[in-house]
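Hi,

Here is the structure I promised to pass on. Have a look at it first, and my notes follow underneath.

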Amino acid sequence: MRILLFTGKGGVGKSTLAAAVACASAEAGRRTLVMSTDAAHSLADALDAPSGSDPVEVAPLLWLQHVDAQRRFEQSWGDVQRYLLDVMDVAGVDPVAAEELTVLPGAEEVLALLEVRAQARSGEWDVIVVDCAPTAETLRLLALPEALGWYVDRVLPVERRVVRALKPVLSRAAGVPMPGDPVFDAVQRLHAELDDARAVLTGPGASVRLVLTPESVVLAEARRAYTHLSLFGYAVDAAVVNRVFPVDGADEWRTTWVAAQRRVLADAADSFAGLDLRTSVYRAVEPVGRAELLALARDVYGDADPLAGAGGAPVMSVREGAGGRVLALPVPLAAQDDVRLARRGDELVVSVASYRRLLTLPPGLARHRVAGARVRDGELQVRFLAPDPRPDRPDRQETT
């Protein structure tokens, strides 16, 4: 199965391009679902078709879905919310306010991700095309499974044991209900579902496609997205530069724009070297409806398959180097000064700008010492030396 996610800065046309690829996929005879994790839900407008919370067939072999976040929320977060409502009731919080306060931050995007997973595991589709939220929300969303995994693996078991041991005392002393097994089970279930969603979206048939317009500010955000998606292990297979002014017949005003766009296109070619870089000209009319979207897909991809390009996600690797082992993590387009590194026990904390990834070191490196790090050829390369045999040498290490 092929899964293709479209993301980019708000307003660059990612919904339209996602819809165009979905139409082309269905036209080629594949059972295709196009769905949105973007609260704006522009897909139905682009397809000029009705939508629903369940997949709705809008053309032969093409289904459209806008996720019902409330229904998914009740399924995945209901037990936790009921416990939090009980706590707030004891504290005297207004019921309406309590209902709002117990909604999981970013719930709509998170639950849409779970719906992508559910549809991928259903076996009903040959292709799933996902219109993602704007770049920043997408990055936070795709980083969530790993972040929640750290909490569930390291913190939740301790909390559960403490609550079990002290629940009778704490309940009498504080007058507040303590969380029971259903609450902890709900958190663990959510983690398992998100972890499986990550496995689906980093699998060999899944990739991300960046959409941008030929503007320097938009290109800068797309570059950062490429770096951060690679940091978290998601494959980026292509970039599409949308709304490029045609060169022919340009008046004086448009000639200025053409020249400016040409410079940005040259920078984009350098930035995304190795990716399939496509352009989409600024069309005379807005591409709405299946016929216009199919024409758009043909203009962008020509005779090539719009779904081509899926490959293995960038992964952390360990290789032998001079004087020790080298752990390599893809961080394309990142500069040396953009990356910070910290060692905490058997974990490596990698920060690129405002995004941070916690990596549990492979067993072969957990007791090795960090000897140095550098960014080269699009990789963060961390060099490890064998542990010092001296007994007074500490195992824990902090480095930046």
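I started with the biggest pocket, so here is what its lining is made of. By class, 11 of the lining residues are nonpolar, eight are polar and seven are charged. Before you go further, please keep in mind that this is a predicted model.

More on that pocket. Its volume comes to about 470 Å³, and 26 residues line it. If you want to find its centre on screen, look for Gly13, Thr16, Asn242, Arg243 and Glu286, which are the lining residues nearest to that point. The elements giving two or more residues to the lining are α1 (14–27), α2 (43–47), β7 (236–244) and β8 (276–281). Of these, α1 gives the most, with four residues.

Now for the chain as a whole. There are 400 residues, and 48% of them are buried. The secondary structure adds up to 11 helices and 15 strands. Looking at contacts with a separation of 6 or more, 72% are between residues 24 or more positions apart. The chain exposes about 19100 Å², and carbon and sulfur atoms account for 52% of that.

The strand I'd show you next is β5, residues 127–131. Why is it largely enclosed by the rest of the structure? Five of its five residues are buried, so the rest of the structure largely encloses β5. Val127, Val129 and Asp131 point one way from the strand, while Ile128 and Val130 point the other way. Whichever way they point, all of them are buried, Asp131 included.

Which strands does β5 pair with? One is β1 (residues 2–8), which runs parallel to β5 and is joined to it by five bridges. In that pairing, Arg2 has Val127 as its bridge partner in β5. Another is β2 (residues 32–36), also paired with β5 in the parallel sense over five bridges. There, Val34 is partnered with Val129 of β5.

One last spot to click on is Gly10, in the loop between β1 and α1. Is Gly10 buried, or partly exposed? With a relative accessible area of 48%, Gly10 counts as partly exposed. Its C-alpha atom is 9.7 Å from that of Ala136, although the two residues are 126 apart along the chain.

That's what I have so far. Shout if anything is unclear.

Cheers

Terms used:
Residues are numbered from 1 along each chain as its sequence is written. This is a predicted model: local features need pLDDT of at least 70, side-chain atom pairs count only at pLDDT 80 or more; totals for chains, interfaces and linings use all residues. Side-chain values use heavy atoms; hydrogens and water are left out. On a 1 Å grid over the protein atoms alone, a cavity is a set of points where a 1.4 Å probe fits but cannot get out, and a pocket is an open set with protein on both sides within 12 Å along at least five of seven lines; lining residues have an atom within 4 Å of a point. Grid points are joined across faces, edges and corners, and a volume is the space filled by probe spheres set on the points. Ala, Val, Leu, Ile, Met, Phe, Trp, Tyr, Cys and Pro count as nonpolar, Asp, Glu, Lys and Arg as charged, and the others, Gly among them, as polar. Buried means under 20% relative accessible area, exposed over 50%, partly exposed in between (1.4 Å probe, protein chains only). Two strands pair if DSSP finds at least two bridges between them. Contact means heavy atoms within 4.5 Å. Accessible areas come from the Shrake-Rupley method with a 1.4 Å probe; for residues, only the protein chains shown count as cover.
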